[in-house]
Amino acid sequence: MSTDAPVAAVVVLAAGGGTRMKSTKSKLLHEIAGKSMLSFAVSAAAALDPGHLVVVVGHQREQVEEHLEKLSEAVSTAVQEQQLGTGHAVACGLAALGDLDGEVVVTYADVPMLTGDTLRDLVATHRGNLNAVTVLTAVVDDPTGYGRIVRDGGNVTGIVEHKDATEAQLQINEINSGIYVFDAATLRAGLASLTTDNSQGEQYLTDVVHFAAQRSGRVGAHRIDDVWQTEGVNDRIQLARMNAEMNRRIRDSWMLQGVTMIDPPSVWIDVDVDLAPDVTLLPGVILQGATTVRSGAVIGPDTSLMNVEVGEGAEVIRTHGSFAVIGDNANVGPFSYLRPGTILGTSGKIGAFVETKNAQIGDGAKVPHLAYCGDAVVDDGANIGAGTIFANYDGIYKSTSHVGKNAFVGSNSVLVAPVDIGDGALVAAGSAVTDDVPAGALGVARGRQRNVEGWVNDRRPESKQAAAAAESSGAIHPAVLESREKKA
């Protein structure tokens, strides 16, 4: 058979209870680097392009089946109503497939670091050695709890579970990963021979290995150095360890591709994130989902982005953002909150303590500080003053406001949606705008200032304000005069 021909089937075992996770969510839906453990397993299995890809479900199967429907690979499911052992689970997976001809690969849904390349290598070893069974193995320092690989002169003669091992077998440090390639006919016959004569009272899949060896079927092993690919996740401690190791590998991969990380252990990057060379990630950065960051951008410190596009040369400082787009050479932060639908144009600015939502902010436009910009279209070059609020919600409806090209909205203004501020228009500081402002006009919507002379001396004669007023010359401050002269 060709070394690159597809296998007949892959059976992914996913029926276990996962009780040590202590979770109302299926263990298999817990995430590593932004993806469920189950999705990693299915992706690795799909890399073999199998004739059938079957996931055996049982405990919390409704959750597992619903999640499988969202994955792109073509997957069928088989139900193991009672968890009677790994051999029984594989038999459940094969029950609906008929008399297969070729190879059957068996793997697990809780081994997230297993790769498609490793499975391809396992199949290649199986075919190259004309094996009836090939098992994926690894050598570990502490094999406690693992099944041991028993050999005779280099040939695999069987696998013994830890609880059933003799003292001599417990000294073996080559362990069974539980991942196999079987000749389909050997597997069918072996499954039919299984009993529950063991300490657990279960049908062990490992007994099929004994079955093959006893009937002169060649049993081989494909040993890998990367032990992490054989490790499962059974509790939250193992989940955290796996996340940390996966994240370390992701970081190292990106640094080798030209990404700078000032403090790598403080940076967390999901597996689907895409980074360009010459990106710089400062301490405390979390990049999630399908976030993309282009060349020359600087992210952080203390920034989390989920499904955000960051353009070339942009700077994003102490910001939380999701489902947003940040243009080339734009500047965001510190302490900005970019909610879904935010689009910031080239060289635009979203500054300190600004919240945006469903806001299109044009090239060179600025929302520099202390503002809420929701359901807004802000055209190129516009400037939104400090403290401005786009009042987009009237208690029933959300409406959109527009600020035109190179328009200026003064500080502490409220734009009561839906209003349109024309190109080049100005809104006076402190205005509550409820009507449109035409292009080139000044919109003023505030009460006229009234000064009550002598009020401090009359009402607060003993105050420090009264003392300061008594000492004052009454002259306008030179800095104010200079500003007035510039504006005149």
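How many aromatic pairs does the structure hold? The structure, which is a predicted model, holds two aromatic pairs. These pairs are shown in the first two views, and other side-chain surroundings follow.

**View 1. The rings of Y180 and F182 form a tilted aromatic pair.** The ring centres of Y180 and F182 are 5.2 Å apart, and their planes meet at 35 degrees. The pair is classed as tilted because this angle is neither under 30 degrees, as for stacked rings, nor over 60, as for edge-to-face rings. Y180 is buried, with a relative accessibility of 1%. F182 is likewise buried, its relative accessible area being 0%.

**View 2. F335 and F353 form a stacked aromatic pair.** The distance from centre to centre is 5.1 Å, with 20 degrees between the planes of F335 and F353. F335 belongs to the loop between strand 24 (331-332) and strand 25 (336-338), whereas F353 belongs to strand 27 (residues 349-361). The pair therefore ties together parts that are 18 residues apart in sequence. F335 has a relative accessible area of 45% and is partly exposed. F353 has a relative accessible area of 51%, so this residue counts as exposed, the class that begins over 50%.

**View 3. H30 is buried in the loop between strand 1 (9-14) and strand 2 (31-32).** The relative accessible area of H30 is 7%, and the residue is therefore classed as buried, a term that applies under 20%. The side chain of H30 is joined to that of S23 by a polar contact of 3.1 Å. With neighbours within four places in sequence left aside, the contacts of H30 are M21, S23, K25, K35, S36, M37, R236 and L239.

**View 4. The charged end of K35 sits over the ring of F40.** The charged end of K35 is 5.2 Å from the centre of the F40 ring. K35 is also one of the residues in contact with H30, the subject of the preceding view.

**View 5. The charged end of K398 sits over the ring of Y393.** Here the distance from the charged end of K398 to the centre of the Y393 ring is 5.7 Å.

**View 6. C92 and C373 are buried cysteines in a model with zero disulfides.** C92 has a relative accessibility of 17% and counts as buried because the limit for that class is under 20%. C373 is buried, with a relative accessible area of 0%. The count of disulfides in the model comes to zero.

Notes: Residues are numbered from 1 along each chain as its sequence is written. This is a predicted model: local features need pLDDT of at least 70, side-chain atom pairs count only at pLDDT 80 or more; totals for chains, interfaces and linings use all residues. Side-chain values use heavy atoms; hydrogens and water are left out. Helices (H or I, at least four residues) and strands (E, at least two) are DSSP runs, numbered from the N terminus. Buried means under 20% relative accessible area, exposed over 50%, partly exposed in between (1.4 Å probe, protein chains only). A polar contact is a pair of N or O atoms within 3.5 Å; within protein, one must be able to donate a hydrogen and the other to accept it, and residues adjacent in sequence count only if both atoms are side-chain atoms. Contact means heavy atoms within 4.5 Å. A disulfide is a pair of cysteine sulfur atoms within 2.5 Å. Rings of Phe, Tyr and Trp (its six-membered ring) pair if their centres lie within 6.5 Å; planes under 30 degrees apart count as stacked, over 60 as edge-to-face and the rest as tilted. A charge sits over a ring if NZ of Lys or CZ of Arg is within 6 Å of the ring centre and within 35 degrees of the ring normal.
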